[in-house]
Amino acid sequence: SKSYRVKISNELDLLIDEMGLSLAAAQVVNDIKAPMPGLILDVLVEEGQKVKEGDYLLVLEAMKMENTLTAPRDGVVKSVSVKKGETVDKSQLLIEMD
């Protein structure tokens with residue numbers, strides 16, 4: 001007889017995992033990726049700009065909601081891979097930080 005290990009997650013756990021909000025606190029975040037497919041409404045930073053944790057980076061419209069993505073930490077914007085009006089896929093690289 002085979003035994004199976006079953007992990008039961010509730011919907012919130014699954015949603016949080018899906019949106020990439022799993023808490024990897026020790027990890028330094030360099031890449032800002034799209035949490036879901038959507039449309040870039042505005043890009044608020046440019047290459048070489050210094051940002052502080054919580055600063056607004058860009059606005060993504062997804063599922064009829066505007067989502068403002070913020071800097072995960074203090075740093076410098078290394079590159080911006082998208083522009084206003086562009087559509088993006090889930091996990092697409094939007095901004096790299098140094």
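Strands are DSSP runs of at least two residues, labelled E and numbered from the N terminus. The model is predicted, so local features need pLDDT of at least 70 and side-chain atom pairs pLDDT 80 or more, while totals for chains, interfaces and linings use all residues. Residues are numbered from 1 along each chain as its sequence is written, and side-chain values use heavy atoms, without hydrogens and water.

**Exercise 1.** Locate Arg73 and describe its surroundings.

*Solution.* Step 1: Arg73 lies in the loop between strand E5 (65–70) and strand E6 (75–80). Step 2: Arg73 is buried, a term for under 20% relative accessible area (1.4 Å probe, protein chains only). Step 3: Arg73 has no salt bridge, and Asp98, the nearest side chain of opposite charge, is 6.4 Å away. A salt bridge requires a side-chain nitrogen of Lys or Arg within 4 Å of a carboxyl oxygen of Asp or Glu. Step 4: a polar atom of the Arg73 side chain does lie 3.5 Å from the backbone oxygen of Asp98.

**Exercise 2.** Identify which side chains meet in a salt bridge, and state their exposure.

*Solution.* Step 1: the structure holds one salt bridge. Step 2: Lys83 and Glu86 form this pair, at 3.7 Å from N to O. Step 3: Lys83 is exposed (over 50%), with a relative accessible area of 57%. Glu86, at 23%, is partly exposed, the class in between buried and exposed.

**Exercise 3.** Determine which strand gives the most residues to the largest nonpolar core.

*Solution.* Step 1: this core, a set of buried Ala, Val, Leu, Ile, Met, Phe, Trp, Tyr and Cys residues joined through side-chain atoms within 4.5 Å, has 18 residues. Step 2: strand E4 (56–62) and strand E8 (93–97) each give two or more. Step 3: E4 gives the most, with four residues.

Methods:
Lys, Arg positive; Asp, Glu negative; His and termini not counted. Polar contact = N/O pair within 3.5 Å; in protein donor to acceptor, adjacent residues only side chain to side chain.
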